[in-house]
Every structure is written in structure tokens, then in C-alpha cells.
Amino acid sequence: MTLIDRASARSRFVRLIAPATGLLVATAALGGVTASAEHGGASTVSLFASGLNNPRGLTFGPDGQLYVAEGGTGGLRSTVGQCDQVANIGPYSGDFTASISRINSQGVVTRIATGLPSDQTSPETGGLVSGVANVAFIGKNLYGITAAAGCSHGLAGTVNNVFEVNKDGSTKSLADLSAFIMANPTAHMNTGPTGDYEPDGTWYGMVAAKGALYAVEPNHGEVDRITAGGHISRLIDVSAAAYPLGLGKPQGHIVPTAIAFHDHSFYIANLDVFDPGFQDQSRVFKITRNGGLQTVATGLNAVVGIGFDSKGRLYALESFTTAFFPVPASGMVVRLNSSGGWDTIASGLMFPTGMTFGPNGKLYVSNCGYLCGPGEGQIVSVNIGD
């Protein structure tokens, strides 16, 4: 993402949506909170906060407040002629318009870190925006991860990294992710004339667990571990683990996005590609102790968030459904049932991009996270019912 255009088989996706981008943005701007509850009449969806710019990953801090990564609004800086550009949907342009916001219990938004890298695809492919992808805490320390930095994203002299947010809003780089993935390629990447290979990566999901951070890179297909001291190591080459399962297009390229840690195990979900025939092909996997992927659930579309409630039930956030490309107001929160199917908890979400459980047991979802105008991003809360 913008995860959706950038982490998937984007050249195919962008060609599908670019002609309709104006219509989609207009729909999103007028939609407001369009989610509706459909699970047993017990769930309710409410607007919690608004005025955000492409909100992405989110988490509650030890102070009980909600912290949200914002993609920003992109920009016009360019690196054409300075380095390799991203194929098919580049050249990217960018600026320093992304941020991290803190939201209190009344829904008041305060931007606590600003001036962070933000980029956008070429105008011909929709000008889709990315920036800060996610946030997480280790103890009282707040960390963010960028998806929009690096020369290949139009911002010379920058790198995609994990960074720590200081109390005064300044940031300190913890780990250079661009350098790591360039030096440690995965087994099966989407290269070639029709590919969407990103030299700097397009980081998305991130979770704190076991005293470290675990980050998902969708374009290359990997999950990496970043310690508080800045050491990076690979937890799993997702592309290599998916290849023998016959998943993805090209094989192995399943576009992992979301990550969760539950009951001593890591779980990931994938966006998948947007070619015809790939609808309902997204899955939730458990990462096994030997570095493999064990399918936990199937039958999903464009998953960008997963989580477990206090009862250990699995939830997935689908950014859109009903087609193999983004459809307005078709995002859903679903819950795995005892039969292996999915119950709809909330529907009608407008291009959601991330979710987290709050201390009150509600789900908080980043809504209107892409294909929306500046300031149109929202956080909605979902009372999940029984």
C-alpha cells in the first residue's frame, strides 16, 4: 500500500484501477462511516476519530491511548536518473508528509511525529500514497516502520527503516531495512518485465513480541526480526515457504501483509495478487517451528490485518471483497467459526488498512486508508458482540 497498489502484483492492479481512481476517491470522500454490523445483530460500528491522511497500522500504548501510522500525502520530489526506479508503476515521487498520531479516548488526534517519508506512484497509475506503515511498542518505547523511503521511492538519501520515536517527536533510526533486504534477497520475487520488484521494499505489518519487533515485507515476501539494539535477522522467507505449496503468481509470491503473535506462535496473512481467478485465495498461516507455513484458514480476500480476541478467536480484516480489485465500501471484519468458515462482524468498510484490539475489547480499524483524499482517513471502533 499504499499497500494495495504496491505490495501486490501491482502492475496488473494499477492498470485495473487507474482509470477509475477519480470515481473511487469521490465515493470515499462522500461515504463517511459506511460500515454496518451483520453478525447476529450484536456488533456495532462507530466513528472514533477522523481527519487522518491514509491511516495504516495502529496499536494501543501503555498509556491507554491509540497510536496510528499515517501514510501522509505523498509529494513531488523525484530521483529519476539517480537510481533504479520501480518497474511498471514508477517512477515514484515523494516528500516528507507522513506522520504518527496519538488519539485519546475522546477521539482527539495529536500528531506526535511529523515530516516522515511519504511517496506516491506515477500519475498515470493513480498517484497512490504510502508512508509510515505501522507502529508498535516495546515497553514504553514507540517504534515505527517506513514503507515509502529509499531512492527507488523518489526520496534520495533515505532508507526504509525501523525507527524509535523520542519524547519530543524526533526520531532515531534503529535498523536499515533497505540495506538488509538488498543484501539478503528472498528466493522468489516478482521480477521481470511485468513484475513489481521494489529495491527498498514496501514494509507493512509489524508486531512486538518476545522483546523484539517482527516486520512483514510483502513485495519480496519475508518476515524479519529487529531487536531493540537494531540487529536484523530473517524469521522466515515466506516466498520459499509458499513455493512448494503451489501458491502465488508467480509461484511463491503470495504478498504477506499482516502478522500477529498468539499463544507462543506467529501467524501471518496474505493479500495475494489481483489477477482473475485469485478471489477468495487469501489465507491465514501459522509459522511452524521449522520455518514452514501451516494453513489455518482459507477463503479470504485482500487481508491486511489479523488478530485474536481475549477468547482466542481469530479475526481477519479484508480490505475489499466481491472482486479481484478494490471495490468501494466492500471491506469487512470477519471471525473464524468452529466450522472453519467466516462470520461477518462488520461490513461496508471503505478500504480499511489495519486493525487492533483495544483494552476495552473493541476492535479499532483504520478506515479510508487509501484511494481517499487528504484528511478523509478515519478510525472506526467495532463492538464485536458475543
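Start your tour by selecting strand S13 (residues 212-217) together with S12: four bridges join the two, and they run antiparallel. What you have open is a predicted model, so every stop on this tour is a stop in a prediction.

**Stop 1: a four-stranded sheet**

Zoom in on Ala208 and look across to S13, where Leu213 stands opposite. Now widen the selection to take in the whole open sheet, four strands in the order S12-S13-S14-S15 with antiparallel pairing. Why is one side of S12 and of strand S15 (232-237) left without a neighbour in the sheet? Both stand at the edges, and each has a single partner strand, so there is nothing in the sheet on the other side. Turn the view and follow the twist, which averages 25 degrees from one strand to the next. A little background helps here: strands of a sheet pair through backbone hydrogen bonds, and they can do so in a parallel or an antiparallel way.

**Stop 2: the largest pocket**

Next, select Val207, Ile259, Ile306, Met355 and Thr356. Which space are you looking into? The largest pocket holds about 660 Å³, and these five are the closest to its centre among the 31 residues that line it. Several strands give two or more residues to this lining, including strand S3 (55-60), strand S8 (132-138) and S12 (206-209), the strand from the first stop. Strand S16 (256-262), strand S20 (303-308) and strand S24 (354-357) do so too. Colour the lining by class and you will find 19 nonpolar residues, 11 polar and one charged.

**Stop 3: the second largest pocket**

Move on to Lys140, Leu142, Val165, Asn166 and Lys167, which lie nearest the centre of the second largest pocket, a space lined by 13 residues. Its volume is about 310 Å³. Strand S9 (141-146) and strand S10 (161-165) each give two or more residues to the lining. How does this lining divide by class? Six residues are nonpolar, three are polar and four are charged.

**Stop 4: the cavities**

Finish with the two cavities of 30 Å³ or more. For the largest, with a volume of about 70 Å³, select lining residues such as Leu271, Phe274, Phe278, Phe320 and Phe324, which are among those around it. The lining has eight nonpolar, three polar and one charged residue.

The second largest cavity, about 30 Å³ in volume, is lined by Leu247, Ile254, Asn270, Asp272, Gln281, Arg283 and Phe285. Here the classes are three nonpolar, two polar and two charged. Keep Asp272 selected as you go back and forth: Asp272 lines the largest cavity and also the second largest.

Technical notes:
Residues numbered from 1 in each chain as written. Predicted model: local features only at pLDDT ≥ 70, side-chain atom pairs only at ≥ 80, totals over all residues. Heavy atoms only, no water. 1 Å grid on protein atoms, 1.4 Å probe; cavity = no way out; pocket = protein on both sides within 12 Å on 5 of 7 lines; lining within 4 Å. Points joined across faces, edges and corners; volume = space filled by probe spheres on them. Nonpolar A, V, L, I, M, F, W, Y, C, P; charged D, E, K, R; others polar. Pairing = 2+ DSSP bridges. Axes fitted to C-alpha atoms, helices over the stretch in contact; angles between N-to-C directions.
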